[in-house]
Amino acid sequence: MPTSNTSDSQPKTLVVHYSAHGHTRRVAETITHALGADAFVLSPTEAYSEPELDYNDPRSRVSREHVDHSLRHVELVQDTPDGFAGYDVVLVGYPIWWGEASWVMNEFVKNNDFTGKTVIPFCTSFSSPVGASARDLAALSSTGDWRPGTRLEANIDAVGVRRWLERLGVDA
Ligand SMILES: Cc1cc2nc3c(=O)[nH]c(=O)nc-3n(C[C@H](O)[C@H](O)[C@H](O)COP(=O)(O)O)c2cc1C
């Protein structure tokens, strides 16, 4: 449930993320605390097990989804955060999978109306840059003011979060 965003003059901010192994979760939690924002976690109806996430196994779930885009429909327990219409700024965090945004994000992006919202993508990865991942998510959504995506380090702190958003010119 919403915990903050008490002042009416402040933009109302939501941090949405998916994380398979906790790195993106850690960043999302840092951002949430730094901004006094609300949080929403994307949960696949069928959660990925460790063997299913094994990208070295060509038969694993994630490897098959990588090769065959028709398998990438990942149903979510909840597509739309409670009170979503009331948020001004939505930060969207995901891990990089094979250079792309984890496709767990796709249903969230496709099934929500971002009209009037500033959307700020961020990712974590082993080493890959954000690349086209954020632009690809923006292209999936026909609504919202999507800002450039940024790869963040898992150990980013509150000062780093503020610097990042200042660079983007975002008041969150
Ligand atoms: C299926 C899969 C594919 C991945 N592909 C890449 C990749 O192309 N480049 C990269 O730098 N890291 C890749 N990684 C590593 C993750 O992006 C990285 O560990 C990320 O921080 C994980 O975030 P999470 O712990 O929130 O899931 C991949 C991980 C998985 C599970």
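This report covers one helix, the ligand shell and two single residues in a predicted model.

## Confidence

The structure is a prediction. Mean pLDDT for the protein is 95. A pLDDT of 70 or more is reached by 95% of the residues. For the complex, the predictor gives an ipTM of 0.99 and a pTM of 0.95. Where pLDDT is low, the predicted coordinates should not be read in detail.

## Helix H1

H1 runs over residues 23-35, 13 residues in total. From first C-alpha to last, H1 reaches 19 Å. The expected value is close to that, at 18 Å. Its buried residues are Thr24, Val27, Ala28, Ile31, Thr32 and Leu35. These residues lie on the same side of H1, because they cover an arc of only 135 degrees around the axis. An α-helix has 3.6 residues a turn, so residues three or four places apart point the same way.

What do the buried residues of H1 pack against? The partners include four strands: E1 (13-17), E2 (38-41), E3 (89-97) and E5 (118-124). Helix H5 (158-168) is a further partner. Just after H1 comes glycine 36, with a positive phi of about 60 degrees.

## Ligand shell

The ligand is surrounded by 20 residues. Ser19, His21, His23, Thr24 and Pro95 are the closest. H1 and E3 are the elements that give two or more residues to this shell. Thr24 thus appears twice in this report: among the closest residues to the ligand, and among the buried residues of H1.

By class, the shell divides into 9 nonpolar, 10 polar and 1 charged residue.

## Tryptophan 98

Tryptophan 98 sits in the loop between E3 and strand E4 (100-101). Its phi is positive, about 50 degrees, although the residue is not a glycine. Most residues other than glycine have a negative phi.

Is tryptophan 98 buried or partly exposed? Tryptophan 98 has 13 other C-beta atoms within 10 Å, so the residue is partly exposed. Burial would need 20 or more.

## Threonine 118

Threonine 118 belongs to strand E5. With 21 other C-beta atoms within 10 Å, threonine 118 is buried. E5 is also one of the elements that the buried residues of H1 pack against.

Which residues does threonine 118 contact, leaving aside neighbours within four places in sequence? They are Asp88, Val89, Asp145, Arg147 and Val170. The pairing with aspartate 145 spans 27 residues along the chain. Their C-alpha atoms are separated by 4.8 Å.

Terms used
Residues numbered from 1 in each chain as written. Predicted model: local features only at pLDDT ≥ 70, side-chain atom pairs only at ≥ 80, totals over all residues. Expected span 1.5 Å × (residues − 1). Buried ≥ 20, exposed ≤ 12 C-beta atoms within 10 Å, placed from the backbone. Arc of directions from axis to C-beta. Contact = placed C-beta atoms within 7 Å. pLDDT = per-residue confidence, 0-100. Near = placed C-beta within 6 Å. Nonpolar A, V, L, I, M, F, W, Y, C, P; charged D, E, K, R; others polar.
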